[in-house]
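Q: Could we go through this model together, beginning with how the chains meet?

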Amino acid sequence: MKILLKIAVRNLFEHKVKTLIIGIIIASGVFILVTVNSMLDTSKKGIRENFIENYTGHLMIHGKTTGRASLFPQGGGMDGESKKTPTIESFFDVVEFLENSPQVKAFSPQISGSARVSVEESDMGFSILFGIDPEKYKEMYPQNINIIEGEYLDSNEEGILLSKSVVNMLKRFSKREVHAGDKILLTGMSFTAGTKIREVTVKGIMEFKNSQGQLQFVSLVSVDTMRALEGLTVGANMEVELSQEDTELMDMSIDDMFSDTGLGNLSLDNSTSNTSDIFNILGDSSESKALSETDSGAWYYIAVRLEPGASIEGFRKSIQNWFDEQGLENSTADWLQGAGSTAQASQNFQWVFNVVIIMIAIVAIIIIMNTLVISITERIPEIGTIRAIGGQKSFIRWMILLETFLISIVFGTIGIIAATIALNVTGAIGIEAPNMFFEVILGGKVLYPVISISALIAGLISVILISLIACIYPLVLALRIQPVTAMQSK
Amino acid sequence: MKHKIFIPLFLIMITSLASAAETPDFKAILELNDQRQTFENQDFSATITFISVDPEEGDNKSTMVMFRNDDDDKFLLLTLEPVVDKGVGILRVDDNLWQYDPESRKFTHTSLKDMIQGTDARNSDMRVSTLSEDYEVTAYEEGKLGAFDVWIVTLNALNDEVTYPKQIVYINKENNLILQAKEYSLTGRLMRSKYTPKYEKINNKFVATTILIVDELVKGKKTQITFKDISLKDIPEEVFSKNYLERVNR
């Protein structure tokens, strides 16, 4: 082994240029793998902690859905769908279950939606809205917002904590500044409830701490205002009965629809234009008012934070069992699903990065293999001589493997040292996201990366694997060299 | 020799003239459609029922009363049903379009492109027809729609205020009425198909009394619009005002 090591080291020094080419590729590969994966690990950990701590809790409870439930509305509240968001079934029973569960530290129900925001009657902006119970929300997320102006929401009063970004948007488009105490109009455009307009008082102007893209335009609003905007009223789920005449064209083929002239002579009705009728056309509106009352048990989600050390999966299983026992069609989702597309985009980016790395690794394998093949070709007389003086194939095999292994370890270590230095430097000064896309990837405006042990081990293992794969073909070539070639060469 | 040249030239001219004579003036047909659906010097009112069927969201039925004055291009839609939306109004006056919510008693500006209370109908569907002003004909061909011979005419928008930048309309050759319209987005995606199989005639005017709108983005989602209780009697001027919506909801 000592001789093998001596020969391997000597060979590496004798073919300095080739050793350096392979070494630089290996060191660069390790450097990129360790630094980028450490950054992504730091960002992933940061996003997880940030979201769980400030926006999603450990898990969320939601009503029956076929889509992916998310705390952030995207086309009606379900990611990728423009559909009605289901409410939690038997909300008050679920609350009682949570209050009696020792694993639960806090919980906060929520209704998410969006609305046009206007000062007076003209639309000038929009906001994502979280309809909340102010007390429960504060209990769940005690430190997640900065109130820039005004005060926090009062449970007994309708109002809105308007996002600073929305205030800036209104200022830009309407040239009007909105301050705490002002009244604004929110116009909800729900797919099922139609257009609903509510006037609310701006209780304060806020921004989320550690916010990134997705949260910039989120404002917190009293739940009853949110319910009204989303059409969550007592009369919301009234059954509609349709007659055959109502839907006569719906199932008709085009040929049937256009089978005759379709023209008739109209008999005019003059009853609606009677002046007294026109001004009393709606009649008694008491039933309408009663049905327009908001439904106090209507909530889309409950975000749940567990006690430290409590098993998230364990609790999810136990509450799901309880839902099944009670015959409730509610379900749970983890924080990542609840966090919606932004947090998921960051997670997906790591997959994309790893796919790119695999492609680069294939190119690296080809370059390393090519360099080793040249090196072996140049050393045919030397290998032939070793074989002629009694060197076994296994000796040649170990010699080349050891050379490759030595390069991997030495230059891999150099890559790791360089990555550690780079991460320590960037960790001290921070990496500022240049735009919203990078804010999503980095999980915030500034990332302070720390070295990830898993990224480090993965980097080293991958580079050794790449080197070993790259040396298979050169090894086959070297083992084919016969002792006689040593005598045939010049 | 001269005669030999003139004969084919003459034939070409005759053929061109003949084909020009067969090609209708589509601009004039669009103007005729607009004019036949516009009630000058008369007010128009009707009760409109919107029936929406959505396989995932369920069924929805809204009844609204419509008051329209085409001379000033103004209209008012007032919801009668469902009871929970009773009194919700849409008012167009002087190029302004407002939405009124009787619960909060507040108005907000809305757009002709916005949908009417969760149906596939848009506010622009309720306005006086202005096809000839808003679109130009860019292509046409002959075709068949059910039992009718039709012109299939491609219309491209002349301004960006229209809801759909491109339409392909099927015009009945016999009476020049539009039977179908395929409405496209700016990217060329088919958004809606609007079928108008029933027109009713009042003097020399036509009212599309039954319309079917097929949402081409959500499979199975359709809206049937039916006009009833049509009247051409005068409507008090104050109906086309915010005050009316507030007063009627008291």
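**Chain interface and a pocket**

A: Between chain A and chain B there are 14 residue pairs in polar contact, both residues at pLDDT 80 or more; a polar contact is a pair of N or O atoms within 3.5 Å, where within protein one must be able to donate a hydrogen and the other to accept it, and residues adjacent in sequence count only if both atoms are side-chain atoms. This is a predicted model, in which local features need pLDDT of at least 70, side-chain atom pairs count only at pLDDT 80 or more, and totals for chains, interfaces and linings use all residues. Residues are numbered from 1 along each chain as its sequence is written, chains are lettered from A and ligands numbered from 1 in the order in which they are written, and side-chain values use heavy atoms, with hydrogens and water left out.

Q: Which element gives the largest share of the side of chain A that touches chain B?
A: Strand 9 of chain A does, with 6 residues; strands (E, at least two residues) are DSSP runs numbered from the N terminus.

Q: How many salt bridges are found across the interface?
A: The rule finds 6, each a side-chain nitrogen of Lys or Arg within 4 Å of a carboxyl oxygen of Asp or Glu. One of them joins K106(B) and E199(A), at 3.3 Å from N to O.

Q: And how many residues are in contact?
A: In chain A, 59 residues are in contact with 74 residues of chain B, with contact meaning heavy atoms within 4.5 Å.

Definitions and conventions
Helix = DSSP H or I, 4+ residues; strand = E, 2+ residues; numbered from the N terminus.
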